[in-house]
Amino acid sequence: MDASRLQDIKDWLIDGARSAATPSAMMAECCERLVGLGIPLWRVGVFVRTLHPEIYGRSFIWRQGAEVETGTVDYSFQDSPTFRDSPLAAVVEQGISFRANPQAPEAERYPILMDLRAEGVTDYLALPMTFLERQMHASSWTTKDAGGFTEAQVEAIRSLIPALSRYTEITTLRRTASMLLDTYVGNRAGERILGGQIRRGHTDTMHAAIWLSDLRGFTPLSDRLPAETVVDILNHYFDCQVTAIREQGGEVLKFMGDGLLAVFPIAERDGDPAEVCGRVLQAARHSRGSVDALAYQTGDTVERFRFGVALHVGKLLYGNIGGGNRLDFTCIGPAVNVAARLEKLTSRLKRTIVASEAFAGLSGEQWTELGAFPIAGLSTEQRVFGLRDEAVA
C-alpha cells in the first residue's frame, strides 16, 4: 500500500475534492483512486441523514463500472424492516463498525448481505461517519476478491473516513441550508440569500402573475375547534394548493394565517405572459377541485371547506424588507395590493376564482365580467372577472 498516494486522497478530500464538481462526482473519483491504489472495491455507499421536513436521508452508491446512484428516503424508512434489519441501523444509532462475509452462514440474518451474496461479494465493511456535532452517518465498503479485504486495506479505508466525513459534512450543511431556505422562504428567495443578498434593501423588480387566497369562514372555525385541529386542517388545506402551484412553476412566498401568497415569475426578455397565466389558471382549477373534495372528520361532524383565490399580473418589488436584524424576503407593490383587494371580493361575489382585467385578458376567453368595483388606493374602479364554469355551477 502506497502511503503517500493514500495521503494524497485524504488531502484531496480535505481540500474539498476540487476536481469533482458534485458529491456524486467526488464518490466516483474517490473510489476510482482507491481502486488504483490497489483496494479492490466493488460497491461503496455513503448514507447521510438530513434536516428536512420530508426527507430522512440521502444515499450515494458507487459500483465498479457504473454511474453513481443517488436516492432519498422519507421518515418511514427509519422504522422499516429494510433499515431495522440492516447493519447500518446499528452503525448510525450506536456509532459502531460492522464487518461480515456475505458468503458465511451468519450473514443470513441480514437481507442486505443476502443480496450482496448473490452478487458474489466476499467482504462487507460498514463504518460510522461522525460529524462535528456528533451526529452519526454511515458508509459501506464491499469487495468481490476471493479472500475479502486484507487488514491493510481495511486500515486504509478506516483512515480515510475522517477526511470523507469532513467533505460530506460540509456539502451536507450547504445542501441542508439550501433545503431549509427552500422550505421556509421559497426556492428563488433561498438561492438569493445563499448568493449573498442578506442585507436590508437588497431588492429586485419582478414581472409575475400573483396568486392570493384564503379560507372562507376561518375565524369561526378556529373559535369552534381546538388549536391542534385547526393547524392540521390548515396543513391539509394548504396541501390542496401548494402541490398545484409548484407543479405549474409557481413559488409560495407566504402563509399568512389561512392566507397564501404565491408568484409565477415571467421572464423579462423571452417570457410569455399568456402561457404563464394559463398555467396559473390550471393550478387554480386544480386547487379548487382539491379543496372541494377535502373532508375532515371532527367527532361526528365532517368539515367541508371553501376558499377564494384572486389572480392578477404585474410588476412587484421582491427582496429584503424588515427592521434591525430581523428581515423577511417578500414582495410588495401596487400589483400585490390589487390582488389582496380582489381576494376580498371573492366572498362578496360568491366566487372561488376571480381575476383582474389584466390577468383575464392574458389567460384566454374563459371569463365573464362581474362588474367594476372600487379598489382601495386606486383612483378608478377596476373591472373584475369570474370563470364561466363557476357561473354555470
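The bend at a residue is taken as the angle between axes fitted to the seven residues ending there and the seven starting there, and helices are DSSP runs of H or I with at least four residues, numbered from the N terminus. The model is predicted, so that local features need pLDDT of at least 70 and side-chain atom pairs count only at pLDDT 80 or more, while totals for chains, interfaces and linings use all residues. Residues are numbered from 1 along each chain as its sequence is written, and side-chain values use heavy atoms, with hydrogens and water left out.

Helix H9 (residues 227-247) has a kink of about 30 degrees centred on Asp239. Among the buried residues of H9 (under 20% relative accessible area, 1.4 Å probe, protein chains only) are Val230, Ile233, Tyr237, Phe238 and Ile245. Just after H9, Gly249 takes a positive phi of about 85 degrees.

The largest nonpolar core, a set of buried Ala, Val, Leu, Ile, Met, Phe, Trp, Tyr and Cys residues joined through side-chain atoms within 4.5 Å, holds 41 residues, of which Trp211, Leu311 and Trp367 touch the most other members. The largest share of this core, nine residues, is contributed by H9. A second, separate core has 35 residues, including Trp62 and Met129.

Arg288 lies in helix H10 (residues 273-293) and is buried, with a relative accessible area of 15%. The side chain of Arg288 makes a polar contact (N or O atoms within 3.5 Å, one able to donate a hydrogen and the other to accept it) with the side chain of Asp389, at 3.0 Å.

Key:
Helices (H or I, at least four residues) and strands (E, at least two) are DSSP runs, numbered from the N terminus. Buried means under 20% relative accessible area, exposed over 50%, partly exposed in between (1.4 Å probe, protein chains only).
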